[in-house]
Amino acid sequence: MQNNRRLLGHLYMALFLIYLLVPLAVMSGAAFNASKLPTVIPWKGWTDQWFIALYNDNRIWTAFGNTLLVAIAVVVIAVPVGTAGAILVNSISGRVRAILYGMMVAPILVPGVVIGISTLLFWHQFSVGSGLHLSVLGQVSYIASFVTLLVLARLQSFDQGLEEAALDLGASHGQVMRRILLPHLYPALGAGAAVSFFQSIENFNVTLFTRGGADTLTVYVFSKVRSGITPTINALALLLIMVTLVLAVWYEVNRRRNARIEAIREAEGRRAEDAELVAT
Amino acid sequence: MSAGIDLDDVCCDFGKFRAVDHVNVNIQPGEFFSFLGPSGCGKTTILRMISGFTEPTEGAVRIGGKDMRGQRPNQRPTALIFQNLALFPLMPIWENIAFGLEVRGVDKAKRRARAEELLALVDLHDSADKMVSQLSGGQKQRVAIARALAVEPSVMLLDEPLSALDLKLRQHMRAELRAIQKRTGVTFVYITHDQGEALAMSDRVGVMSQGRLQQVANPRDIYNNPVNGFVASFVGENNILKGDVQNVADGMASFATAIGTFRARLPGAAGKLYVRPEHMVLQAMPGAENSVPVTLTEVAFEGNFISVHAVTENGTNLVAELRNDGSASIPAAGSQMHMAFDARNSSILPDSATAGG
Amino acid sequence: MNDLLRRYGTGLTWTFIGLTFFWLVILVILPDFKLLESSFRPYLPVVDVGGPKDVYSLNNYGQIFGNEVDFSFFGLHFMLAARVKVFVLTIFYSGVVTLITFILAYPLSFYLAKVVSPKSLPTLFLLLFVPLWVSEVLRSFAWYIILTLKGPLNAALMALGIISKEIRWIDGYSPVVVTLVYTYVLFMLFPLYNAMQSLDSNQIEAADDLGAPWWRIHWRVILPHAKPGIASGAVMVFMLSAGSLLVPAIINSTTGNWFTQTIQGIMLEGQDWNAGAAFAFMLLLFCTITVSLAMRVFRVKLSDIAK
């Protein structure tokens with residue numbers, strides 16, 4: 001009975017994965033279809049014309065460039081801001097902490113349209129016009145929350161004694177930050193940067209209202225979707241999926257390698273302990 | 001070069017709770033000084049006040065004669081060995097040791113050389129490039145010491161560093177720490193709740209209870225001449241008898257108890273009678289003075305000594321400790337014998353200090 | 001405050017405070033105040049701003065009324081303002097999406113938390129994460145391709161003989177629901193998984209040992225323990241669905257309108273920012289109230305809703 005259920009579990013997992021991945025496969029498949037509309041049915045033959053068209057389509061590349069610019073700007077701002085928030089919250093306790101924490105997490109739940117419109121209205125009263133810069137500011141307001149959550153989680157495993165030890169040895173506060181705290185936070189900062197980057201790329205709600213006339217990828221696709229869209233979009237989608245897969249594989253390989261190294265080190269430490277017990 | 005530490009009437013309060021109460025002590029340069037006491041007696045607070053992580057509420061902490069008020073931990077000439085060692089897990093061993101030099105701007109080659117020197121000093125060769133997780137407990141201990149020594153502190157502060165190690169390793173490390181202290185000549189301030197450790201390693205010991213210093217003396221005096229009941233009880237075992245003091249003469253007194261009247265030393269105020277088990281003599285015939293007839297209840301062979309529990313006629317329990325030198329026969333439980341002690345090996349002591357012993 | 005200064009020194013402490021202030025006050029709180037404030041003011045040409053016509057009123061909110069249409073809800077017919085109807089249906093279908101994602105994610109999170117060996121977990125999670133990294137716009141678009149009249153779904157169904165004529169999937173609210181479920185199911189999965197993971201397997205075995213059937217074990221042991229995970233997952237999915245603009249915009253036909261599309265219409269096509277602000281605030285208010293109620297009912301704190 002247990003085994004049957006296990007099998008059922010495996011089956012469900014497999015089906016779920018298929019459910020998640022099939023639309024992506026369809027999307028990619030349409031990139032090769034020699035049909036003017038993005039579709040896999042009817043299949044009109046293999047072609048790479050859409051990749052060529054993609055290569056030549058300036059508007060997509062401008063939009064893509066804008067998207068990257070915004071994403072990089074968001075990472076550059078959100079990571080320090082979110083980290084500062086996490087460190088601040090972590091060092092306080094009591095009611096103030098709870099309130100501050102709530103304020104930092106809430107932006108994730110706010111509907112994007114609200115963020116977009118509020119950002120637009122706020123900066124316009126200072127005569128700051130719409131544009132990609134406003135998109136950056138609007139996106140940072142909630143993306144920094146993700147960074148805060150990641151960094152805060154990582155801070156839980158930090159031994160404050162290490163900061164004290166460093167101070168005791170004569171380090172300045174800046175040196176303690178640079179050599180002790182930040183290295184511990186690097187995994188969270190990396191994850192925060194990655195999350196910020198991808199969240200920014202796929203953001204639509206905030207960007208739509210704040211961008212002024214500039215195009216980003218999401219806005220461009222959106223504007224073309226119902227009108228005259230060609231499978232160049234699918235070609236782009238396939239490229240992005242490939243990049244994502246490569247990154248994912250690279251990340252996994254790295255993670256496994258590091259885990260192996262750490263396990264070896266710890267085994268050595270245990271052997272040293274045992275040797276010590278015998279020797280004395 | 002090492003420095004002395006002066007605690008001038010130091011108090012430390014946390015809200016309403018007084019953790020350290022008017023502590024006065026002068027630690028000499030180059031001395032190995034231990035603060036000994038149970039958990040919560042204030043010894044950790046004293047260490048944190050010397051190192052700068054806590055400021056005294058009253059009184060002054062002076063290192064090398066200079067008042068340390070307002071000096072942050074990274075400005076003081078002290079180095080602290082934390083109880084959990086606090087070694088930096090993301091740096092190799094040599095960088096851990098050289099960290100104090102790194103923050104002072106020493107260049108890499110010199111740092112590395114100095115780290116290797118110190119590794120040799122603490123007897124840890126070939127470990128420079130290892131990571132902390134690859135070391136055993138004792139090895140990590142030595143790295144912590146090397147790291148502290150690297151900044152050439154005037155004072156080394158050690159927070160129960162051996163408590164996490166198991167018995168045999170602890171005894172080994174005791175000797176090592178003492179040797180390192182003698183070799184470097186740095187003032188060591190050591191806190192522990194283990195009296196064996198404190199007595200074995202220190203030049204002088206300060207016994208603390210509830211924020212107050214009970215007695216400051218060298219280990220032999222602490223053990224042989226405790227000034228009050230707390231010190232006597234905390235350091236070593238005792239037979240304790242209640243009674244009244246009569247006839248005081250020349251530092252000796254008659255002490256009348258429920259099981260007889262004894263002659264004992266009276267170094268200070270009156271209190272209870274304290275006799276250590278190893279000063280109890282077991283004999284078949286009654287002794288000349290300070291002798292009590294007993295029935296043996298339990299005889300336990302504990303390796304290098306034999307502990308004998310006995311009870312008097314009126315039900316008072318006494319303990320004697322006999323050295324196992326292989327010669328004397330071991331008495332049997334149930335036999336009737338006499339327990340006696342030399343008056344010079346006993347003391348009448350008050351309970352604990354109301355103001356510093 | 002003193003602890004902060006002691007731990008990090010003056011320079012760093014003020015840097016942290018400054019950055020956090022910039023974020024929370026300038027990027028979040030003040031704009032939201034401006035939103036609220038603008039929602040009460042009429043839409044005026046620049047010259048009239050600050051003048052006599054610029055008065056506070058509830059007019060913008062009133063714009064949700066008017067233009068009554070027929071509204072049938074589970075057999076009940078009544079007349080409702082068009083925009084109110086859209087609002088109500090948006091909330092309703094967001095709830096549907098939340099329910100469906102829960103049903104889909106629950107077995108899987110249990111499987112991941114209790115059945116799978118811990119060694120395979122990171123790899124499996126990676127596989128699950130990959131679709132998340134592909135942009136939302138592209139995933140919605142993928143469903144558009146699948147669901148079109150002449151698309152692969154209909155073709156497959158017809159080939160299998162399940163239907164004889166193509167079904168117009170892109171009609172009404174079904175496509176939005178389907179796509180929203182697909183887009184946000186992982187946001188339900190991960191909190192659920194986290195909550196389940198902390199459940200001691202021994203409890204399940206104990207219940208099993210005492211003779212409880214599998215559905216009772218779930219109902220009495222696992223579900224209650226997973227409550228915080230359910231609550232946080234549900235809140236996330238609900239808020240994301242109700243606030244989603246991209247998915248309905250790409251996949252909807254004119255017969256299914258999402259409230260966010262209404263807001264978009266007012267803001268970008270009508271250029272009436274003040275009315276747009278009012279509607280946006282209504283959405284925010286409603287979602288916040290719903291979430292607070294849910295949190296109170298399930299006794300969950302904001303701190304549990306973290307990834």
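## Two odd glutamates in chain B

Helices and strands here are DSSP runs, at least four residues for a helix (H or I) and at least two for a strand (E), numbered from the N terminus. With that in hand, B:Glu152 is easy to place: this residue is in the loop between α4 and β7 (155-159) of chain B. Keep in mind that you're looking at a predicted model.

What is unusual about the phi of B:Glu152? Phi is near 45 degrees, a positive value in a residue other than glycine. B:Glu160 does something along those lines too, with a positive phi near 40 degrees, and sits in the loop between β7 and α5 (167-184) of chain B. Are these two glutamates buried or exposed? B:Glu152 is exposed, because its relative accessible area is 56%, and over 50% counts as exposed. B:Glu160 is buried, at a relative accessible area of 9%, which is under the 20% cut-off.

## Chain B as a whole

Stepping back, chain B has 21 strands along with eight helices. Its C-alpha trace spans about 75 × 45 × 35 Å along the principal axes. Chain B counts 357 residues, and 52% of them are buried. The accessible surface is about 15400 Å², with carbon and sulfur atoms accounting for 49% of that.

How far apart in sequence are the residues that touch? Take the contacts in chain B between residues at least 6 apart in sequence: 66% of them join residues at least 24 apart.

One salt bridge shows what such a link can look like. B:Asp21 pairs with B:Arg212, and their closest N and O atoms are 2.9 Å apart. The pair links distant parts of the chain, with B:Asp21 in strand β2 (residues 17-27) and B:Arg212 in strand β10 (residues 212-217), 191 residues apart. B:Asp21 is buried at a relative accessible area of 12%, while B:Arg212 counts as partly exposed at 26%. There's a bit more to this spot: salt bridges that share partners join B:Asp13, B:Arg18, B:Asp21, B:Glu58 and B:Arg212 into one network.

## Helix α7 of chain A, a meeting point

Helix α7 of chain A runs over residues 160-168 and is mostly covered, with eight of its nine residues buried. The buried ones are A:Gly161, A:Leu162, A:Glu163, A:Glu164, A:Ala165, A:Ala166, A:Leu167 and A:Asp168. What do they pack against? Within chain A the partner is α8 (173-201). From chain B come α1 (43-51), β6 (78-81), α2 (93-102) and α4 (137-150), and from chain C comes α1 (2-39).

The ends of the helix are worth a look too. At the N-terminal end, A:Asp159 acts as a cap, with a side-chain oxygen 2.9 Å from the backbone nitrogen of A:Gly161. Just after the helix, A:Gly170 takes a positive phi of about 110 degrees.

## Salt bridges from chain A

Over all chains, the search turns up 29 salt bridges. One of them pairs A:Glu164 with B:Arg48, with the closest N and O atoms 3.0 Å apart. A:Glu164 lies in α7 of chain A and B:Arg48 in α1 of chain B, so this pair joins two chains. A:Glu164 is buried at a relative accessible area of 17%, whereas B:Arg48 is partly exposed at 27%.

Another stays inside chain A: A:Arg59 and A:Asp215, 2.8 Å apart at the closest N and O atoms. A:Arg59 is in helix α3 (residues 58-91) and A:Asp215 in the loop between α9 (205-210) and α10 (217-225), so the pair ties together parts that are 156 residues apart in sequence. A:Asp215 is buried, with a relative accessible area of 13%, and A:Arg59 counts as partly exposed at 43%.

## Where chains C and A meet

Chains C and A each put 90 residues into their contact. The area buried between them is about 8100 Å², of which carbon and sulfur atoms give 79%. C:Arg7, C:Trp23 and C:Trp133 supply 10% of the area that chain C buries against chain A, more than any other three residues.

On the polar side, there are ten residue pairs in polar contact between the two chains, and one salt bridge across the interface. Which residues form a salt bridge here? C:Arg7 and A:Glu163 do, with their closest N and O atoms 2.6 Å apart. As for the side of chain C that touches chain A, its largest share, 24 residues, comes from α1(C).

## A greasy strip on chain A

Finally, A:Leu8, A:Leu11, A:Leu15, A:Ile18 and A:Val22 form a nonpolar patch on the surface, with about 480 Å² of accessible area together. A:Val22 is in helix α1 (residues 2-29) of chain A and counts as partly exposed, at 40% relative accessibility.

Definitions and conventions. Residues are numbered from 1 along each chain as its sequence is written. Chains are lettered from A and ligands numbered from 1 in the order in which they are written. This is a predicted model: local features need pLDDT of at least 70, side-chain atom pairs count only at pLDDT 80 or more; totals for chains, interfaces and linings use all residues. Side-chain values use heavy atoms; hydrogens and water are left out. Buried means under 20% relative accessible area, exposed over 50%, partly exposed in between (1.4 Å probe, protein chains only). Contact means heavy atoms within 4.5 Å. A polar contact is a pair of N or O atoms within 3.5 Å; within protein, one must be able to donate a hydrogen and the other to accept it, and residues adjacent in sequence count only if both atoms are side-chain atoms. Patches are made of residues with over 30% relative accessible area and no salt bridge: like charges are joined within 9 Å, nonpolar side chains (Val, Leu, Ile, Met, Phe, Trp, Tyr) within 5 Å. Accessible areas come from the Shrake-Rupley method with a 1.4 Å probe; for residues, only the protein chains shown count as cover. A salt bridge is a side-chain nitrogen of Lys or Arg within 4 Å of a carboxyl oxygen of Asp or Glu. Buried area is the accessible area (1.4 Å probe) that two parts lose on being put together, summed over both.
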